[in-house]
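Q: Please take a close look at a single helix and what lies around it, and then set it beside some other parts of the chain. I am new to this, so longer explanations are welcome.

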Amino acid sequence: MNVGILTFHMAHNCGAMLQAYALSKYINNHYHCNCEIIDYRLPDIYDKYEKMLKRNNVEPKRIKFEAFISNYLPTSKRIFNIKNTEKYDIYIIGSDQIWNPEITNGYKDEYFAKFFPENSIRISYAASSGIYIENIVELSNKMGNLDFISVRENWLKEKLCNFCNKKIYLCLDPVLMLEKVEWDKEYNWLASYNNKKYALIYSFNMTDEDYNNIRSFAYKNQLEILELTTHKRKRFNEILYNNNYGPFEWIEFIKNAEYIFTDSYHCVLFSIIYNKPFKCINGNENNLRISDIIQRFHITKDDNDFYITSNETFLIIKNEKYNSSMYLNKAIEKAKNEKTKF
């Protein structure tokens with residue numbers, strides 16, 4: 001059974017690459033399929049990150065991301081025209097914000113399976129719009145070519161259910177489909193900071209007030225501060241800066257931190273995986289993607305205003321993981337049945 005995944009795998013962003021890695025690994029391990037990522041690079045995404053890396057002069061980091069792609073992502077040959085994609089039995093579109101018109105510069109037909117063969121099975125997996133969609137009818141009208149539809153956020157599922165004539169499933173982000181022990185196997189090289197207790201900052205929207213609050217918190221709790229950045233600029237002498245890391249190193253920095261300060265969706269997910277107290281920068285718990293996590297997984301705050309997980313959180317995730325696997329089973333079984341007809 002040949003499976004092709006179309007997603008944002010080439011953006012030099014830890015979350016984007018790790019969700020692509022997780023979905024391909026999960027499918028290959030659990031369904032014994034020949035699963036690969038379709039190496040199609042939407043210019044609106046790829047060019048943006050290339051320009052950012054050049055602007056910030058972080059060539060060593062770019063090399064680490066390219067090495068991750070080469071060593072860990074099972075990609076097809078590069079596709080410049082989506083209509084020239086190889087033939088697969090199943091096309092999986094997602095996860096990530098493939099339906100966010102602000103990122104893709106309008107809805108792109110390739111992320112709704114328009115150009116894939118009708119005699120194949122075409123599904124979305126944990127697709128996200130990222131932002132609140134006012135014109136949900138426009139989005140729902142794009143779903144006609146998809147045999148099965150799953151989204152990542154519950155609010156998007158509820159809105160689509162009101163306008164789409166197909167069943168809408170809710171699935172976990174792929175990084176939650178792998179067990180913690182599976183992530184632990186992928187890295188063991190990090191020595192720096194391992195012997196230091198630190199608070200981790202990973203945010204793209206830090207204000208002076210944010211920095212001051214975190215510095216005060218770290219001082220009171222005798223913690224170092226480590227910030228993972230995309231640039232070389234250093235603002236405060238007492239903060240340790242690192243802009244030379246790859247996706248697996250990024251995970252280990254999260255795993256070894258005492259506390260997390262972030263506005264990143266996938267940083268929040270890995271904080272949950274490793275049971276780390278986290279705080280959202282700039283009130284980003286109101287961000288639709290992050291608020292969905294907090295509400296669905298029943299994550300509450302401690303006395304210091306940090307979000308913390310509980311046994312209930314992991315029971316909910318376990319149940320949703322089962323539902324997500326059943327969704328993939330449904331698509332794969334249908335593809336097998338279709339294949340026997342020819």
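A: What follows starts with the helix, goes on to one of its residues, and then turns to strands and a loop. The model is a predicted one, in which local features need pLDDT of at least 70 and side-chain atom pairs count only at pLDDT 80 or more, while totals for chains, interfaces and linings use all residues. Residues are numbered from 1 along each chain as its sequence is written, and side-chain values use heavy atoms, with hydrogens and water left out.

The helix is α11, residues 288-296, where helices are DSSP runs of H or I with at least four residues and strands are runs of E with at least two, numbered from the N terminus. Helix α11 is mostly covered, since seven of its nine residues are buried (under 20% relative accessible area, with over 50% called exposed and anything in between partly exposed, using a 1.4 Å probe and protein chains only). The buried ones are R289, I290, S291, D292, I293, I294 and R296. At the N-terminal end, N287 acts as a cap, with a side-chain oxygen 2.7 Å from the backbone nitrogen of R289, and just after the helix H298 takes a positive phi of about 55 degrees.

R296, which belongs to α11, deserves a closer look. R296 counts as buried because its relative accessibility is 14%. Its side chain makes a polar contact with the side chain of D292 at 2.7 Å and another with that of E320 at 2.4 Å (a polar contact is a pair of N or O atoms within 3.5 Å; within protein, one must be able to donate a hydrogen and the other to accept it, and residues adjacent in sequence count only if both atoms are side-chain atoms). Leaving aside neighbours within four places in sequence, R296 is in contact, meaning heavy atoms within 4.5 Å, with R152, E153, N154, L170, C171, L172, I316 and E320.

Strand β11, residues 259-262, offers another view of buried residues: Y259 and F261 point one way, I260 and T262 point the other way, and all are buried. In a regular strand the side chains alternate between the two faces of the sheet. Two strands are said to pair if DSSP finds at least two bridges between them. Strand β8, residues 198-202, pairs with β11 in the parallel sense over four bridges, and β11 also pairs in the parallel sense with β12, residues 278-280, over three bridges. F261 has a bridge partner in each of these strands, namely I201 in β8 and K279 in β12.

Elsewhere, five strands form an open sheet with parallel pairing, in the order β3-β2-β1-β4-β5. Its edge strands are β3 (75-79) and β5 (121-124), each of which pairs on one side only. Within this sheet, β2 (residues 34-40) and β3 pair in the parallel sense over three bridges, and Y40 stands opposite I79 in β3.

Lastly, F163 sits in the loop between α6 (154-161) and β7 (168-170), and with a relative accessible area of 46% this residue is partly exposed. Not counting residues up to four places away in sequence, F163 touches I136, V137 and S140, while P74 is 89 residues from F163 in sequence and 36 Å from it in space, C-alpha to C-alpha.
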